[in-house]
Structure formats: structure tokens, C-alpha cells
Amino acid sequence: MTQGKDLRIVFMGTPDFAVASLQKLVENGNNVVGVITAPDRPAGRGKQLAESAVKKYAVANSLKVLQPEKLKNPEFLAELEALNADLQVVVAFRMLPEVVWSMPRLGTFNLHGSLLPQYRGAAPLNWAVINGETKTGVTTFLLDHEIDTGKILFKKEIDIWENDTVGTIHDSLMEIGAGLVVETVDALASGDYKAIPQEELAGETEIKHAPKIFKDDCKIDWSKDVESVRNLIRGLSPYPAAWTTLVHEKSGQEISAKMFFAMHADGKTTTPGSIETDGKNYLKVACGDGWLQITDIQLAGKKRMKTNDFLRGFQQIGEYRFQ
């Protein structure tokens with residue numbers, strides 16, 4: 001019987017989330033014959049060329065790296081075909097053309113950060129938390145023509161706890177997903193799996209989507225209910241972060257601020273965005289149906305701070321409101 005370690009594997013991925021899966025394959029003794037990742041991009045204030053997290057790991061472990069600008073480039077396709085892969089594994093990469101995903105004899109599978117068919121799209125981890133879900137997970141599925149719609153291979157589910165952020169969920173699923181990638185490789189090698197069409201799992205359930213998140217999606221609307229605001233903050237923490245504007249009650253001066261965590265707090269109903277603070281330890285903000293206590297905040301141009309440190313340096317906070 002063919003085993004996962006007998007297969008020639010090409011791995012495709014870019015960020016830290018993908019590194020865990022690549023590392024798991026390498027440490028498991030799988031034969032990774034090539035790594036496809038994003039081209040180096042200018043980053044930081046100096047705009048120096050920066051390598052992707054996957055490239056850094058691949059280079060450090062002497063793996064062959066390809067960085068195509070365009071996936072339909074004839075030279076890249078020739079290089080990819082020359083790797084003679086049995087299987088391609090995709091984790092946090094871009095959409096592949098059919099000429100790429102159909103190339104290996106066993107096809108190409110993707111690790112997705114949701115319990116498909118729910119939360120297809122670019123930001124599944126964020127939207128699951130933003131929408132107040134209590135469970136999420138990772139899914140491996142075979143690539144097909146439409147994005148995130150291929151037949152499902154395996155799933156692993158985890159709970160989303162009340163105080164989880166997208167950061168904690170990311171770290172948990174990164175490790176769980178790495179194990180699922182190796183498990184899926186072994187199953188495809190041996191033929192011991194059943195590929196299930198997503199339509200069979202969807203049934204009559206409403207499908208929730210996970211589109212790319214833009215700046216406007218991150219703006220806090222304080223008129224919404226407490227739990228919706230708290231979930232938005234959790235679902236965007238630590239990145240890209242929910243944001244709001246501090247407005248001075250008299251001068252109208254505006255300061256942008258990011259929020260990273262908030263807890264339920266007591267208080268009488270009042271205008272959303274109103275601030276209550278002792279100037280030392282707590283900062284509460286009114287929402288549509290209650291109050292939130294902000295525990296982590298960052299003003300534009302400043303570093304992220306705990307609320308007590310922030311209040312020591314911004315003693316005029318009582319003159320502002322959030323908008």
C-alpha cells in the first residue's frame with residue numbers, strides 16, 4: 001500500500017499559518033519536492049524586500065522554492081511540471097488556475113480555516129468570531145473550479161470560547177490544521193478516504209460567507225448591541241483590529257483608536273459612544289443596549305496599551321466620546 005511518505009509533494013502557501021503545515025510535513029518525513037510561495041514584496045518603512053514566512057522556512061530547510069508572479073506563466077508551469085508531483089497541498093495561498101491544480105495525478109487539496117461549506121472565502125476565522133459562532137475548525141478539500149467548493153476530505157472542530165480572539169483561534173487551528181494536512185496526505189496516498197460533495201453537507205442550512213475584510217468592515221458602530229460590538233473587536237484582534245474615532249466634545253478634534261479586547265460592564269442606558277472612566281483603571285463605552293469595558297487600546301501613532309497605562313498618559317479622556 002502506498003504511504004504518504006512515498007508521494008512527491010509540492011506545497012503552496014505564504015503566511016505563518018501555512019508554515020506549521022509545511023513544517024509538519026517535513027518533520028514527518030514527507031517528500032516535499034518544491035514550495036510555491038508569493039514573490040518577495042517591499043515592506044516596512046524602508047520598503048526593503050521581505051520574504052514570506054513560508055519562503056524563510058523553505059530556504060532554511062533547503063527546499064526548492066518557486067515564486068511566480070503569474071501562475072499561468074509558461075516558464076513557471078514548465079518548472080512545476082518538472083517537479084513531477086503526485087500531490088499538491090495548498091494552505092493560505094491564492095486561487096489556482098485549473099492548469100495548476102489539475103496537474104498532479106492525485107490532484108490538489110486545500111486546508112481551509114472553517115467547517116466547510118460554512119465560511120467560504122478569504123477571512124473565515126475573522127467572520128466566525130465576528131458572527132458569534134461557538135464552534136469553528138479546519139477542513140481539507142479537493143480543489144475544483146469554484147473557490148472553496150470542492151469535495152470535502154476531512155474536518156477537525158474546535159470550540160470558540162467567550163474570550164477567544166481571532167488571534168487565539170488562528171494559533172489553535174494552525175497546529176490542528178498541520179496535523180490534518182499530514183492525515184489527509186496519508187489518506188490520499190492509501191486511497192482510504194471518501195470525498196463528500198459540499199452540497200450534501202449544506203442541506204437547507206443558510207450558508208454564511210467569509211469575504212475579504214476591508215477598513216470599513218472594521219469600524220465600530222457603538223449603536224449596535226454590546227455582544228455584536230464585543231464580537232467585532234474579538235474577531236479582528238490582533239489584526240487588522242477594530243477601530244473607532246475619539247471626538248473631543250468641545251473642539252471636535254478627532255483621534256483614531258484601535259480596540260483589541262472588551263468585557264461586559266454595568267451602566268445605565270445612555271448615548272452610544274459615551275465614555276465613563278475613573279481616569280486610572282477602567283474605561284467604559286456605551287453601546288446600543290449596555291456598556292463595554294475596554295482593556296486594550298492603541299491610539300494612532302502610538303503602541304498598544306493596557307487601559308490603565310493608556311489612562312495615565314491620556315488624562316483628558318473624559319472630554320471625549322467615541323464615534
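A pocket, as the word is used here, is an open set of grid points where a 1.4 Å probe fits, with protein on both sides within 12 Å along at least five of seven lines; its lining residues have an atom within 4 Å of a point. With that in hand, the second largest pocket can be described for this predicted model. Its lining is made up of W127, I130, D216, D217, K219, D221, K224, S228, V229 and L232. Two or more of these residues come from each of the elements α5 and α8 (226-235), and α8 gives the largest share, with three residues. Sorted by class, the lining holds five charged residues, four nonpolar ones and one polar one. The volume of this second largest pocket comes to about 170 Å³.

Next comes the largest pocket, which holds about 1400 Å³ of space. Here 39 residues form the lining, and those that lie nearest the centre are P15, A92, A122, A123 and P124. At least two lining residues are supplied by each of α1, β7 (108-112), α5 (124-130) and α6 (166-190). As for the mix of classes, 23 residues of this lining are nonpolar, nine are polar and seven are charged.

Stepping back to the whole chain, the protein has 323 residues, and 49% of them count as buried. The fold is built with nine helices and 16 strands. Along the principal axes, the C-alpha atoms fill a box of roughly 70 × 50 × 30 Å. Among contacts with a separation of 6 or more, 66% join residues that sit 24 or more positions apart.

Helix α2 is a handy place to see how burial works out in one element. This helix covers residues 53-60, and its buried residues are V54, K55, Y57 and A58. Looking down the axis of α2, these buried residues fall within an arc of 165°, so they line one face of the helix. What do they pack against? The partners are β1 (8-13), α1 (16-27), β2 (31-36) and β5 (65-66). Just after the helix ends, S62 has a positive phi of about 55°.

Another serine, S237, sits in the loop that runs between α8 and β10 (242-248). Is S237 buried or exposed? It counts as buried, because its relative accessibility is 3% and the cut-off for buried is under 20%. Leaving aside residues up to four places away in sequence, S237 touches T165, V166, G167 and F260.

Finally, the cysteines. A disulfide is a covalent bond between the sulfur atoms of two cysteines. How many disulfides does the structure hold? The count is zero. C218 takes part in none, and the nearest cysteine sulfur to it, in C287, is 17 Å away. Why does C287 not bond with C218? Their sulfurs are 17 Å apart, which is too far for a bond, since a disulfide needs the two sulfur atoms within 2.5 Å. Both residues are tucked away from the surface by the burial cut-off: C218 is buried, with a relative accessible area of 4%, and C287 is buried too, at 2%.

Terms used: Residues are numbered from 1 along each chain as its sequence is written. This is a predicted model: local features need pLDDT of at least 70, side-chain atom pairs count only at pLDDT 80 or more; totals for chains, interfaces and linings use all residues. Side-chain values use heavy atoms; hydrogens and water are left out. Buried means under 20% relative accessible area, exposed over 50%, partly exposed in between (1.4 Å probe, protein chains only). Helices (H or I, at least four residues) and strands (E, at least two) are DSSP runs, numbered from the N terminus. The arc is that of the directions from the helix axis to the C-beta atoms. Contact means heavy atoms within 4.5 Å. On a 1 Å grid over the protein atoms alone, a cavity is a set of points where a 1.4 Å probe fits but cannot get out, and a pocket is an open set with protein on both sides within 12 Å along at least five of seven lines; lining residues have an atom within 4 Å of a point. Grid points are joined across faces, edges and corners, and a volume is the space filled by probe spheres set on the points. Ala, Val, Leu, Ile, Met, Phe, Trp, Tyr, Cys and Pro count as nonpolar, Asp, Glu, Lys and Arg as charged, and the others, Gly among them, as polar.
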